[in-house]
Every structure is written in C-alpha cells, then in structure tokens.
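Reader: Could you take me through one part of this model in detail? I would like to see how a helix sits against its neighbours, and then what else is worth a look.

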Amino acid sequence: MRPPILLLKEGTEDSQGKSQLLSNITACQAVVEAVRTTLGPRGMDKLIVDSRGTATISNDGATIMKISDIIHPAAKTLVDIAKSQDAEVGDGTTSVVLLAGEFLKQVKPYVEEGVHPRIIIKALRKALKIAQDRIDQIAFKMKFNNDEEYRTFLQKCAATALNSKLIHQEKEFFSKIAVDAVLLLDELLPLNMIGIKKVQGGGLQDSQLITGVSFKKTFSYAGFEMQPKHYKSPKIALLNIELELKAERSNAEVRVNTVEEFQKVVDTEWNILYEKLEHIYKSGAQVVLSKLPIGDVATQYFADRDMFCAGRVVDEDLKRTMKACGGVIVATTYDLNDSVLGKCESFEEKQIGGDRFNVFSGCPNAKACTIILRGGGEHLLDETERSLHDAIMIVRRTVKNDSIVAGGGAIEMELSKVLRDYSRSIAGKEQLIVAAIAKSLEIIPRQLCDNAGFDATNILNKLRQKHAQGGEAFGVDINREHVVDNFENCVWEPVIIKKNALAAAIEAACLILSVDQTIKNPKSGGGEEQQPGRGRGRPM
C-alpha cells in the first residue's frame, strides 16, 4: 500500500468541486441581503459600528461594504466591484452588488444540476454583449441650444443620483451646487480641486459653494489678530519650514563654561529664526502658509509688517492651494522669488458658523472651488458629504459622456425583455442560462417596489406589458405606486453607470463561477505550540 502524499501544510482547509462553488454563491447572497434594502429613493439606512466604536449611518452601498469587515474570500469579490464602481462612476454601487448576487442566485439551480460552469460563463458574456449593444441603441444623446439647457440637464442627472440619498429632500439645492462645482473646473475635471469642508451647526440650506480654495483657520499664536485679514492680488509663500524656537530634545547636551557662551547659543538660535523671517519678508510675500508650525515670535514679526501667516496647514489643502495659485512648496527660505510664489486675485478670512475660513479666490493656474457643508450632527454631515461626492462624480461623467437612459428600473426591464426574446431564438443549455439572466435583471425594479412597500408582482406585470408594447422608457413611479415613462419624468441616468454596473456584475459572477477549489492556509502561529523559553525571552 502506497503511503499518502501530503502536499499542504497540516491544518490547511481544502474544499473543491460543486459543494464549494455553491458555498461561495451562498456567501455572496448573504452580502446582497445586507445591502438589498438600501436601494432606491425609499431605501433604508444602515447603522454600522466598527471595531473602534465609531458609528456610521449610510445607505451608500460602497460605504457599507467598505466598513463591514467581510472575511469570506468569495464574498470579498462583491466588495471589490462596489469599490470599483464607486471609484469609476461614483453611483450605482448597490445596484452592481444586487445584480451580481442575483445572477449567481438564478444560475445556482443549473450548477446544482451539473451544468458546467464554463457553459454558464459563456452565456453570461454573450448576454452582456447583447445588453450593452441594446443600451447603445436606446441611449439618447442630448443636444443643447444654450448653456442654461445644458446646466438644467446636468442638474436633473445629479438629482436622480441624490433621489436615493438621506438628503433627497434637498436634492434641488445640492444638485445645483454639484453642477456649479464641476463646471468651475478646467477641461480635465480634476476631483481633487473640489474641496469639501464640514461645519457643524445651521441647516443644510446654509451650505455654500466658494469659488477658489478655502480651508479652516489653523492654530495661531498671540499677534495673529493684529494681522490683516484681506488682501488684493497678494503673493503667497508656500513653505515646509518650522518658524519657531524649538526646545532642545531631551537627549541633547550642550556644555558651556560661562554665561557669555550660553548667551551666544541663544543669540545664534534667534538669529537663525530672524534670518528666515527676513528672507520671507524681502521676497514680497504677503500671505505665508506652512505645513509646519509658525511660532509666536514669527506671528508677531509678520503682524508688524502687515503680513498674514498660517502654520500647520493640512498637506491636502496646501497642495490644492499650490495647484490653484501656482508657486512651489519650498523647504528653505533662500531663493524665495516670484517664480516660487503663488498668486491670486484676493485673499480674505471669513466667518462661517463657528469657524473661520481662509479663502483664496481668482486663482490663475487652475480653477478650483470649496464646498462648505452645514448641518446639525456629525453623522448627517458625513452622509451629506458621501451623497454630494456621488452627485459630483455623476456630473463629471455626464460632462464627459452626455448619453443618458431612463432610470427607475426602466433600462433593466428593457434589457430583460431583449434577453428573454433572444433566449427563445437559441437552442441548448444557453437558452436556459440567458433566460435566467433576463429574470435576474428584474431584481432592480422589484427591489425598488419592495423598498417602497409596493406590490412588486403587480407593478412588474404592468412593466412587462408596457415594454412588450414598445414602451422602452417605462419604469417604476415611486411617488404614485404605478408605472411611468421615466424619460419624460426626468429620471435620467448616464449610460456609463449602467454599462459599468452590468460589466462589473457579470465579471464578478464569472470570477466566482470559475473558482473550482478553495485552499485556506492555517493562520500563522496556529500550527505549532510555542516551546517555553528559559526566562527573560531567551531560547531553550
């Protein structure tokens, strides 16, 4: 008898075949159940508390997936597609997870019956191509006679994204802010040139868009209030230098024999600081920003010379100021000249709520803006920021690609009808798989109805009838518990959201179906017991 061959370390979990594939599909369905109820305008919110006790209230699919500490290796695939959808498009994160989970749920019976995963994957890819071709056919490319029409169109796309958010009551207000913010940027539409700052207090309607770079006033020393708070066309010095007298480190040692020698050490330290300050003053800079602290001596020095200074500026804000106003962040005060100094049309310090903000407007190098969000509580402000980020991403994508389709489950019902018709024209096992995918697409309008408390079966029957009669834009009417032409109802979504979500969901389903073996290595240190040492950490 041959001895058994051990390939894997003792304690390694090895599962393969149909059972582990079904286990992976079940794990993905569990993830879908967690985010299913957050879809749409009537979606519910989730309260998640992380390991540090920080609570987050959100109905954003990507946020919920990121914060939830999912450890199942196959289920993590759904977390990845939610993150990629959020990074690429900004919206549709719940939809993409729902679609991927539903595709797997509908093909699960065929896996149990012994249909080879490769046949299912081939059918999924074919269905994806048909669906994307159909989206291109029915996509509507908007034409505009003037800027006002274009702006209104973008606001409607942003409002559709905000419909399902916690702040949907203020969607008109925030969609306008999102559109204004994106249209202020240059052609590349860099997202990092839009700063979002949160100030507790006031109402959501007190939020405002500031043209230019703005950031919260940093910690300041005595003498700060004597500095001017408004400049016209100032020069801006951006530094990475400490401008304060530092206490010696605890392990530093200076030995002196006389008081005069000690005085020389002190004088030298002061002279070094004053030399730096003089270089900055002679450069012509009127506003001095530094990533490192600016001490009380430097603050008073600048105040005496009608200069403004701010130390401990957050790295992100300093870089945004550099990109917007020009100039270079320097680590020395030597060679400070006009080529490394930034410029803007005006600088002022404004009071917003309980905080003061430094505002740079008329930035020549790049167009930038800052959104100041106001609200009652920290959780509300955090969720408002996430919602506004989604709306801004949608507007950015729509500016680059202005083709749209009807939302509210309309496009999914149309694709479902097309795939169902196609499945009847082919023979073999693929027919069943494509029909299952067609049924899967109905999960979006079905879930919209379930989350709103409607009779999903009744509304889906009406939608099937409308789409069979050629009403390709008919979707769920959340307000009247009926079906409606969502194109005329101004429920619009950019084509890229739908194409990206479908492609990501199909790829995730194909990836999970193509795994036929899962090997889990034992945790490090869990295999062998540690031998006791001889004491004091010494080995035996």
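Author: Happily! In this predicted model, helix α5 packs with helix α16 (residues 495-513) at an angle of about 175 degrees, their axes being 10 Å apart. Angles over 145 degrees count as roughly antiparallel, so α5 is roughly antiparallel to α16. On the α5 side, the residues that meet α16 are Pro117, Ile120, Ile121, Leu124, Arg125, Leu128, Ala131, Gln132, Ile135 and Asp136. Their partners in α16 include Val495, Leu502, Ala503, Ile506, Ala509, Cys510 and Leu513, along with Lys498, Lys499 and Glu507.

Now follow α5 (residues 117-138) to another neighbour, helix α12 (residues 410-423): the two axes come within 10 Å and cross at roughly 125 degrees. That angle makes α5 oblique to α12. The crossing of this pair is right-handed. From α5, the contact is made by Lys126, Ala127, Ile130, Ala131, Arg134, Ile135 and Ile138, while α12 brings Ile411, Glu414, Leu415, Val418, Leu419 and Tyr422. Ala131 and Ile135 deserve a second glance, since they appear in the contact with α12 and also in the one with α16.

Another helix pair is α3 and α4, whose axes come within 8 Å and cross at roughly 145 degrees. This crossing, too, is right-handed. Leu78, Ile81, Ala82, Gln85 and Asp86 of α3 make the contact with Thr93, Val96, Val97 and Ala100 of α4.

The loop after α3 leads to charged side chains. Asp91 forms a salt bridge with Lys165, with 3.9 Å between the closest N and O atoms. Because Asp91 lies in the loop between α3 (76-88) and α4 (93-112) and Lys165 in the loop between α6 (147-162) and α7 (171-183), the pair ties together parts 74 residues apart in sequence. The whole structure has 35 salt bridges.

Finally, have a look at the surface: Val254, Val256, Phe262 and Val265 form a nonpolar patch there, together exposing about 340 Å² of accessible area. Of these residues, Phe262 has its place in helix α8 (residues 259-282).

Definitions and conventions: Residues numbered from 1 in each chain as written. Predicted model: local features only at pLDDT ≥ 70, side-chain atom pairs only at ≥ 80, totals over all residues. Heavy atoms only, no water. Patch = residues over 30% accessible without salt bridge, like charges linked within 9 Å, V, L, I, M, F, W, Y side chains within 5 Å. Areas by Shrake-Rupley, 256 points an atom, 1.4 Å probe, with all protein chains shown as cover. Salt bridge = Lys/Arg side-chain N within 4 Å of Asp/Glu carboxyl O. Helix = DSSP H or I, 4+ residues; strand = E, 2+ residues; numbered from the N terminus. Axes fitted to C-alpha atoms, helices over the stretch in contact; angles between N-to-C directions. Parallel < 35°, antiparallel > 145°, perpendicular 65-115°, else oblique. Left-handed = near helix turned anticlockwise from the far one by under 90°. Contact = heavy atoms within 4.5 Å.
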